[in-house]
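I open this notebook to record what I looked up in the structure, entry by entry. The topics are strand pairing, salt bridges and pockets.

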Amino acid sequence: ALLPGDASAGWRVFFSAQARCALCHQHSGRGANVGPDLTEVGSGQSAERLLDSLLHPSREIAPMYVPWSVLTTDGRVLNGLKINGGGIGNKQRYLASDGSFFDVDLNEIDVQQPSDKSIMPDDLLRPFSEQEVRDLLAFLRTPENSSNTDRTAPNTK
């Protein structure tokens, strides 16, 4: 079993520039909307399963978050989440892993296929100590309203 962490410290990890979680995920209404909202991700999930998802993000990808690999007629390879109904006219819209959108003319798409590789990097936890990872897991597993400790911007001393 994993040792417990500090949910308040985990909040600081989640929203830190180093972790980059909030560049793609929302929690409690804060963050970006690229990947799934993680506000309730810990409900009913063991810390071990949550950790496995962080370490191996490509193992299980929800259908709406399957990335697409696009080969254009001029040889470019682009990757992103296909936005249904997106694009203007004869363009398909995609959402890149950095949260930006890009459009590709349909007549410029040579091949497009779903990818089995998540846009979430495999090594996101590498820069963090074991304690920081335990703290992040504690934060993700704590129901939103039960730990409303001071959740102002992370301390950047």
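**Entry 1: the sheet**

I began with a single bridge and found that I83 has R93 as its bridge partner in β5. The model I am reading is a predicted one, and I keep that in mind throughout. Widening the view from that residue pair, I noted that β4 and β5, the latter covering residues 91-95, run antiparallel and are joined by three bridges.

I then looked up the sheet as a whole, which is open and made of five strands in the order β6-β5-β4-β3-β7, with antiparallel pairing. Because β6 and β7 stand at the edges with a single partner strand each, one side of each is left without a neighbour in the sheet. Ignoring direction, I read an average turn of 45° between neighbouring strands of this sheet.

**Entry 2: salt bridges**

How many salt bridges does a search of the whole structure find? The search returns nine, and I followed up three of the pairs.

The pair I took up to begin with was E60 and R49, whose closest N and O atoms are 2.9 Å apart in a salt bridge. Since E60 lies in the loop between α2 (47-55) and β3 (67-72) while R49 lies in helix α2, the pair ties together parts that are 11 residues apart in sequence. As for exposure, I found E60 exposed at a relative accessible area of 57%, whereas R49, at 42%, is partly exposed.

Next I turned to E108 and R76, which form a salt bridge with their closest N and O atoms 3.6 Å apart. This pair links distant parts of the chain, 32 residues apart, with E108 in the loop between β6 (101-105) and β7 (109-114) and R76 in the loop between β3 and β4 (77-83). Both ends carry the label partly exposed: E108 has a relative accessible area of 29%, and R76 has one of 37%.

The last pair I followed was D123 and R126, whose side chains meet in a salt bridge at 3.4 Å, N to O. Here D123 counts as partly exposed at 40% relative accessibility, while R126 is exposed at 66%. I also noted that D74, R76 and E108 are joined into one network by salt bridges that share partners.

**Entry 3: the largest pocket**

I looked up the largest pocket and read about 900 Å³ of space in it. Its lining consists of 37 residues, of which H25, P36, S53, P57 and M120 are the closest to the centre. Which helix supplies the largest share of this lining? It is α2, with five residues, and α1 (7-14), α2 and α3 (130-141) each supply at least two. Sorted by class, the lining of the largest pocket holds 25 nonpolar residues, seven polar and five charged.

**Entry 4: the second largest pocket**

For the second largest pocket I read about 170 Å³ of space. Among its lining residues are N33, V34, P63, M64, Y65, V66 and W68, and also L81, K82, I83, N84 and L95. My opening residue, I83, thus turns up again in this lining, to which β4 gives the most, with three residues. By class, I noted nine nonpolar residues, two polar and one charged in the lining of the second largest pocket.

Notes
Residues numbered from 1 in each chain as written. Predicted model: local features only at pLDDT ≥ 70, side-chain atom pairs only at ≥ 80, totals over all residues. Heavy atoms only, no water. Salt bridge = Lys/Arg side-chain N within 4 Å of Asp/Glu carboxyl O. Helix = DSSP H or I, 4+ residues; strand = E, 2+ residues; numbered from the N terminus. Buried < 20%, exposed > 50% of the residue type's maximum accessible area, 1.4 Å probe, protein only. 1 Å grid on protein atoms, 1.4 Å probe; cavity = no way out; pocket = protein on both sides within 12 Å on 5 of 7 lines; lining within 4 Å. Points joined across faces, edges and corners; volume = space filled by probe spheres on them. Nonpolar A, V, L, I, M, F, W, Y, C, P; charged D, E, K, R; others polar. Pairing = 2+ DSSP bridges. Axes fitted to C-alpha atoms, helices over the stretch in contact; angles between N-to-C directions.
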